[in-house]
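Got the viewer open and a selection box ready? Here is a walk through this model, one stop at a time.

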Amino acid sequence: MKALKSWRWLFRKRNAGLDGGVQGKSGSNKMKQLPFMGIVCIVMLVIVYRTTNYQYQQTELVDYSSCLMVLKNNSPINHPFRMMETKILPFGTVEDLASLTLVNLPRGIIQPRSDLELRPLWSTSSSRSKVDVSSGHNLLAIPVGIKQKYNVDAIVEKFLAENFTIILFHYDGNTDGWWDLDWSSKAIHIVAQNQTKWWFAKRFLHPDVVFAYDYIFLWDEDLGVENFHPGRYLDIMKSEGLEISQPALDPNSTDIHHRITIRKRKKTVHRRVWDLRGSVKCSNTSEGPPCTGFVEGMAPVFSRSAWHCTWHLIQNDLVHGWGMDMKLGYCAQGDRSKKVGVIDSEFIVHQGIQTLGGGSPSPRKASKDTSPEETVKRQGTPAVDTRSEIRRQSTWELQVFRERWDKAVKEDRTWVDPFKNIQRRRTGKRKSRQS
């Protein structure tokens with residue numbers, strides 16, 4: 001009211017000056033009135049702009065709320081998309097916006113997590129209790145093709161005996177050939193033609209979906225398990241305090257890429273390797289992968305917490321996962337040289353069978369009586385070397401992943417590499433001992 005009175009008083013004073021003034025000064029009074037009217041116009045424009053902008057922002061809040069309901073329940077606070085949304089919407093936090101979409105639900109009915117347990121279509125009154133996955137339950141996920149059916153059968157049989165949930169990712173589209181196995185109806189089958197296990201894992205093993213499982217085994221299909229027992233393996237993993245691990249590889253395995261993965265016969269578990277051969281020298285001063293804090297991508301095992309981090313590390317569009325093994329230590333929930341290890345007493349054989357994408361088709365041999373023109377016509381387009389193409393794609397993805405990591409580190413000024421601090425402390429201890 002005071003502001004309104006002051007405006008009225010200002011107009012009265014202005015009008016009084018105009019009415020009682022000397023006629024000869026009317027021109028100068030009009031000139032003096034121009035700045036005042038300009039101020040009034042500017043104030044009105046600011047009010048109109050702020051009102052319109054506020055209405056626009058309120059409309060944006062409503063448009064985003066449907067998306068943010070999913071983020072509120074299925075993503076952690078520091079999820080990149082949630083953080084991006086927080087920056088885009090200046091009039092409220094993600095939590096505020098998400099709560100708008102859930103406001104009509106009573107809090108107790110909301111279930112933000114799920115699991116992969118099969119449920120019956122009906123049950124008797126004596127068997128209507130829910131499947132208990134609260135403790136001691138684990139998950140085995142394998143990408144499979146029908147050519148490796150019997151090897152996969154041998155793997156699954158061992159895991160089923162230890163109360164594992166089984167999920168098969170069929171990359172060749174063939175599920176009918178598995179139904180004759182006794183356990184097949186108890187497993188979960190997901191089909192997507194020519195997709196890798198990292199593609200499947202990113203889309204079907206979200207942390208909130210697999211939260212019920214203590215450990216997640218994300219294995220390849222070409223592994224021999226004659227000397228492997230899942231129960232004993234997990235006992236060692238727990239007693240050693242490992243968050244990420246893999247079974248050691250039998251020295252006779254095919255495709256051994258890193259010496260740290262080779263079994264040490266006299267050990268139960270090892271966390272580093274000493275090797276001065278090759279391009280990568282591993283010595284007592286080595287602080288990172290592949291000398292320590294490293295497992296390979298063929299048979300990794302993750303704790304629940306480690307998988308929560310690893311899932312976010314998997315790039316949605318980089319399906320081969322190359323380069324990710326060098327960064328898994330950042331998901332070890334602590335010092336990677338202690339929380340990541342290779343278990344020797346329970347070991348596997350890596351058969352190194354290249355199945356995804358199939359073999360390179362060999363051109364049909366032409367008979368002596370076939371002309372060159374007929375040969376070209378029969379063969380059509382030259383055959384594509386699928387294995388070479390897959391390797392070329394994997395190499396490109398490795399470069400992209402490295403560039404993304406470097407860019408993320410550079411742009412996130414609040415992020416501090418935890419292992420640089422550990423390395424400095426250890427270097428200081430070595431120097432003090434030497435002195």
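A disulfide here is a pair of cysteine sulfur atoms within 2.5 Å. Keep in mind throughout that you are looking at a predicted model.

**Stop 1: the disulfides**

Searching the whole structure turns up two disulfides. Number the bonded cysteines of the protein chain in sequence order and the pairing reads 1-2, 3-4.

Select C282 and C291 to begin. Their sulfur atoms sit 2.0 Å apart, and both cysteines are buried. Look along the S-S bond: the angle is -75°, which makes this link left-handed.

Now switch to C309 and C331, where the S to S distance is 2.1 Å. This link is left-handed too, with -65° about the S-S bond. C309 belongs to helix α8, while C331 is in the loop between α8 and α9 (336-339), so the bond ties together parts that are 22 residues apart in sequence. Which end of this pair is buried, and which is partly exposed? C331 is the buried end, since its relative accessible area is 2% and buried means under 20%. C309, at 26%, is partly exposed.

While you have cysteines on screen, click C41 as well: with a relative accessible area of 45%, this residue is partly exposed.

**Stop 2: a cis bond**

Go to P289 and P290. The peptide bond joining them is cis, with omega about 0°. P290 lies in the loop between β7 (269-270) and β8 (301-303).

**Stop 3: positive phi angles**

Select N163, in the loop between α5 (149-160) and β2 (164-170). Its phi is near 65°, a positive value in a residue that isn't glycine. N163 counts as partly exposed because its relative accessibility is 43%.

Next, pick N194, which you'll find in the loop between β3 (188-191) and α6 (197-204). This is another non-glycine with a positive phi, about 55°. At 48% relative accessibility, N194 also counts as partly exposed.

For a glycine with positive phi, try G241: the angle is near 70°, and the residue follows α7.

**Stop 4: two helices and what they hide**

Colour α6 next. This helix is mostly covered, with six of its eight residues buried. Those are K197, W198, W199, F200, A201 and K202. What covers them? Show β1 (138-144), β2, β3, β4 (215-218) and α8 (304-313), which are among the elements doing the covering.

Then move to α7, residues 230-239, and highlight its buried residues: P230, G231, Y233, L234, I236 and M237. As you look down a helix, remember that an α-helix has 3.6 residues a turn, so residues three or four places apart point the same way.

**Stop 5: a hole inside**

How many cavities of 30 Å³ or more does the structure hold? There are two, and the largest has a volume of about 60 Å³. To frame it, select W198, I314, Q315, L318, G321, W322, M324 and F401, which line the largest cavity. You've met W198 already, among the buried residues of α6. By class, the lining comprises six nonpolar and two polar residues, with no charged ones.

**Last stop: colour by confidence**

Finish by colouring on pLDDT. The protein chain averages 80, and 70% of its residues reach 70 or more. Select residues 18-23, where pLDDT is below 50: beyond near neighbours in sequence, this stretch has two contacts in the model. Residues 61-95 also fall below 50, and that stretch has 51 contacts beyond near neighbours in sequence.

Key:
Residues numbered from 1 in each chain as written. Predicted model: local features only at pLDDT ≥ 70, side-chain atom pairs only at ≥ 80, totals over all residues. Heavy atoms only, no water. Helix = DSSP H or I, 4+ residues; strand = E, 2+ residues; numbered from the N terminus. Buried < 20%, exposed > 50% of the residue type's maximum accessible area, 1.4 Å probe, protein only. Contact = heavy atoms within 4.5 Å. 1 Å grid on protein atoms, 1.4 Å probe; cavity = no way out; pocket = protein on both sides within 12 Å on 5 of 7 lines; lining within 4 Å. Points joined across faces, edges and corners; volume = space filled by probe spheres on them. Nonpolar A, V, L, I, M, F, W, Y, C, P; charged D, E, K, R; others polar. pLDDT = per-residue confidence, 0-100.
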